[in-house]
Amino acid sequence: MKQQRYDVVIVGGGAAGLSGALTLARARRSVLVIDAGEPRNAPASHVHNYLGRESTPPGELLAIGRGEVTGYGGEIVEGRVASAERLPGEGARGFRVVTEGGSTVEARRLLVTTGLVDELPPVPGLAERWGREVLHCPYCHGREVADRPVGVLSVGPLAVHQALMWRQWTDDVTLFRHTGPEPTDEEYEQLAARGVAVVDGEVTGLEVADDRFTGVRLAGGRVVPREALVIQARFTARSAVLESLGLVPVAQEMGGEVIGTYIPTDPFGATEVPGVWAAGNVTRLTEQVIGAAAAGLMAASAINGDLIGEDTRDAVEARRRG
């Protein structure tokens with residue numbers, strides 16, 4: 001860190017954080033990004049649905065973004081933020097950010113873009129194949145497994161919806177009931193009409209050969225050949241920094257099922273704590289990379305506008321004092 005106080009400190013250097021940093025640096029704001037180096041999409045081979053950057057490897061996209069931010073004078077450092085607090089004392093404005101290493105830096109405003117953690121169902125082998133053949137988002141990976149045998153692991157009521165979604169990309173879909181609820185008669189009819197097979201029994205593991213996922217192993221020993229397996233991960237916001245400021249994560253439901261937790265914000269990313277914004281998956285669990293980048297831009301624009309207001313009030317006050 002080249003200085004001890006910045007206009008904005010951004011916690012998290014993924015698409016949302018770097019987009020926000022780029023916007024603020026171009027607005028001639030002093031901005032520092034503190035990044036722990038744990039991007040959610042690191043296991044994936046490519047980023048998709050990002051106009052102009054389709055199929056770019058995630059690491060390459062981040063490297064391009066870092067170069068753009070530093071090219072406009074923004075700073076990026078590696079580190080993990082432990083907490084943040086409002087500066088004490090009457091008349092003090094801004095925040096103190098504390099890293100796990102013990103270093104501190106002050107900021108007039110904070111933008112938190114720490115993302116989320118994908119909590120996988122407790123089935124042996126899922127974590128090792130996550131982002132490769134174990135998938136969750138058809139818009140991220142559907143095209144890459146088109147026309148191949150795909151399985152859907154049921155752990156909740158959204159599994160039928162997932163199976164019908166993935167049927168758009170392949171006509172060979174099998175729903176493994178596992179620990180999920182039994183489909184209703186209407187759902188069974190929908191699955192049958194779309195040619196989705198349903199397999200009873202608990203899944204106990206994955207079959208892998210030559211570093212390739214080849215099938216799903218059931219409790220009775222039967223192996224059902226598959227080339228990809230869709231799961232419903234629980235999306236848990238990395239909200240520790242925001243919680244240290246007094247914010248509380250809330251549950252998000254979809255189809256009557258809790259799919260994760262997030263920090264609420266207004267449409268521009270402002271949280272309930274004045275001076276603190278959030279963007280990306282920490283506040284919108286289903287946001288894709290391009291949406292996270294757009295959210296970072298939106299939040300940064302709002303932050304700059306807020307700082308302009310403060311700068312103007314200070315200038316008026318100074319003018320009145322002569």
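This report describes the strands, sheets, one pocket and one buried proline of a predicted model.

**Overall architecture**

The chain has 322 residues, of which 47% count as buried. It contains eight helices and 19 strands. Taken along the principal axes, the C-alpha atoms fill a box of roughly 80 × 35 × 35 Å. Among contacts in the chain with a separation of 6 or more, 62% come from residues 24 or more positions apart.

**The parallel sheet and helix α5**

Five strands make up an open sheet with parallel pairing, in the order β8-β15-β9-β10-β11. Its edges are formed by β8 (134–135) and β11 (197–199), each of which pairs on one side only. Strand β15, residues 228–230, is joined to β8 by two bridges in the parallel sense. Within this pairing, L135 has V230 of β15 as its bridge partner.

Helix α5, residues 159–166, lies across four strands, namely β8, β9, β10 (173–176) and β15. The helix runs at about 165° to β9.

**The surroundings of P149**

P149 is located in the loop that connects α4 (138–141) with β9 (150–153). Is this residue buried or exposed? P149 counts as buried because its relative accessible area is 17%, under the 20% cut-off. Apart from its neighbours within four places in sequence, P149 contacts D172, P225, R226, E227 and A228. The C-alpha atoms of P149 and A228 are 6.8 Å apart in space, although the two residues are 79 positions apart in sequence. A228 belongs to β15, which spans residues 228–230, and P225 belongs to β14, which spans residues 223–225.

**The antiparallel sheet β12-β13-β14**

A second open sheet has three strands in the order β12-β13-β14, and its pairing is antiparallel. Strands β12 and β14 are the edges, each pairing on one side only. From one strand to the next, the twist averages 35°.

Strand β12 (residues 203–209) is joined to β13 (residues 212–218) by six bridges. In this pair, V208 stands opposite F213 of β13. Three bridges connect β13 to β14 in the antiparallel sense. Here R217 faces V223 of β14, and V216 stands opposite V224 in the same pairing of β13 with β14.

**Strand β5 and its partners**

Strand β5 covers residues 95–99 and has its side chains in alternation. F95, V97 and T99 point to one face and are buried, while R96 and V98 point to the other face and are not buried. Such a pattern follows a general rule: in a regular strand, side chains alternate between the two faces of the sheet.

Strand β5 pairs with β4 (residues 81–86) in the antiparallel sense over five bridges. The buried residue T99 is the bridge partner of V81. Strand β5 is also joined to β6 (residues 104–112), again antiparallel, by four bridges. The buried residue F95 stands opposite A107 in β6.

**Hairpins**

Three hairpins from the strands above are set out below, each with a turn residue that has a positive phi.

| Hairpin | Residues between strands | Turn residue and phi |
|---|---|---|
| β5 and β6 | four residues | G102, about 100° |
| β12 and β13 | two residues | D210, about 55° |
| β13 and β14 | four residues | G221, about 100° |

**The second largest pocket**

How can empty space in a structure be located? Rolling a probe the size of a water molecule over the atoms shows where empty space is left. The second largest pocket has a volume of about 240 Å³. Its lining consists of 13 residues, and S19, Y50, L61, G65 and E68 lie nearest the centre. Two elements, α1 (15–26) and α2 (58–71), each give two or more residues to this lining. Helix α2 gives the most, with six residues. By class, nine lining residues are nonpolar, two are polar and two are charged.

How values were computed:
Residues numbered from 1 in each chain as written. Predicted model: local features only at pLDDT ≥ 70, side-chain atom pairs only at ≥ 80, totals over all residues. Heavy atoms only, no water. Buried < 20%, exposed > 50% of the residue type's maximum accessible area, 1.4 Å probe, protein only. Contact = heavy atoms within 4.5 Å. Pairing = 2+ DSSP bridges. Axes fitted to C-alpha atoms, helices over the stretch in contact; angles between N-to-C directions. 1 Å grid on protein atoms, 1.4 Å probe; cavity = no way out; pocket = protein on both sides within 12 Å on 5 of 7 lines; lining within 4 Å. Points joined across faces, edges and corners; volume = space filled by probe spheres on them. Nonpolar A, V, L, I, M, F, W, Y, C, P; charged D, E, K, R; others polar.
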